Amino acid sequence: MNTISYKGYTAQVGYSDEDQCFVGHLAAIQDIVGFHGTSVLELRQAFEEAVDDYLETCAKLDRLPQGYSPDLVIWLSEEVHEAVAFSLKPP
């Protein structure tokens, strides 16, 4: 799968032999937002339109759009946490 990006949103895209067109879906959101095109240019335009429509719909519904969070929470063992903490040097 390939990806494309626009306004901070990324989509996974591929080719559907069954539909004979390129298809894509927005990644990192729970909503289902898909798009398609018969050429790379059409796919790009449909993707940008899908993102714009998604953002407009969220605004109309007065809800925050979903997307990747800038925060990443991971659980580390105490030993790994300590090793990482001691390996970091202040600027």
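The following paragraphs lead the reader through this structure, from its overall plan to its core and its aromatic rings. The model is a predicted one.

The protein chain contains two helices and four strands. In sequence order, these elements follow the pattern β-β-β-β-α-α. The chain has 91 residues, and 23% of them are buried. Its accessible surface amounts to about 7300 Å², and carbon and sulfur atoms account for 55% of that area. Among the contacts with a separation of 6 or more, 32% are between residues 24 or more positions apart.

The strands E1, E2 and E3 offer a starting point. Strand E1 covers residues 2-6 and strand E2 covers residues 9-16; the two run antiparallel and are joined by five bridges. Within this pairing, Ile-4 stands opposite Ala-11 of E2. E1 and E2 form a hairpin that has two residues between the strands. In its turn, Lys-7 has a positive phi of about 50°.

Strand E2 is also paired with strand E3, which spans residues 21-26. These two strands run antiparallel as well, with six bridges between them. Here Ser-16 stands opposite Cys-21 in E3. E2 and E3 form a hairpin too, this one with four residues between the strands. Gln-20, in the turn, has a positive phi of about 55°. E2 is thus joined by bridges both to E1 and to E3.

From the strands, the description passes to the interior. In soluble globular proteins, nonpolar side chains tend to be buried together. In this model, the largest nonpolar core has 15 residues, and those that touch the most other members are Leu-26, Phe-35 and Phe-47. Two or more residues of this core come from each of E1, E2 and helix H1, which spans residues 40-60. H1 supplies the largest share, namely six residues.

Phe-35 deserves a separate description. Apart from its neighbours within four places in sequence, Phe-35 is in contact with residues that include Ile-4, Ala-11, Val-13, Phe-22 and Val-23. The list of its contacts further includes Gly-24, His-25, Leu-26, Leu-43, Ala-46, Phe-47 and Ala-50. Ile-4 and Ala-11, which stand opposite each other in the pairing of E1 and E2, are thus both in contact with Phe-35. Phe-35 also belongs to an aromatic cluster, together with Tyr-6 and Phe-47.

The aromatic rings form the last topic. In the whole structure there are four aromatic pairs. One of them joins Tyr-9 and Tyr-54 in an edge-to-face arrangement, with 6.0 Å from centre to centre and 75° between the planes. Because Tyr-9 lies in strand E2 and Tyr-54 in helix H1, this pair ties together parts that are 45 residues apart in sequence. Are these two tyrosines buried or exposed? The cut-off for a buried residue is under 20% relative accessible area. Tyr-9 has a relative accessibility of 9% and so counts as buried. Tyr-54, at 7%, likewise counts as buried.

Tyr-15 and Phe-22 form an aromatic pair that is also edge-to-face, with 5.4 Å from centre to centre and 75° between the planes. Tyr-15 has a relative accessible area of 48% and is therefore partly exposed. Phe-22, at 26% relative accessibility, is partly exposed too. The two pairs therefore differ in their setting: Tyr-9 and Tyr-54 are buried, whereas Tyr-15 and Phe-22 are partly exposed.

Technical notes:
Residues numbered from 1 in each chain as written. Predicted model: local features only at pLDDT ≥ 70, side-chain atom pairs only at ≥ 80, totals over all residues. Heavy atoms only, no water. Pairing = 2+ DSSP bridges. Buried < 20%, exposed > 50% of the residue type's maximum accessible area, 1.4 Å probe, protein only. Contact = heavy atoms within 4.5 Å. Areas by Shrake-Rupley, 256 points an atom, 1.4 Å probe, with all protein chains shown as cover. Core = buried A, V, L, I, M, F, W, Y, C linked by side-chain atoms within 4.5 Å. Phe/Tyr/Trp six-rings, centres within 6.5 Å; stacked < 30°, edge-to-face > 60°.
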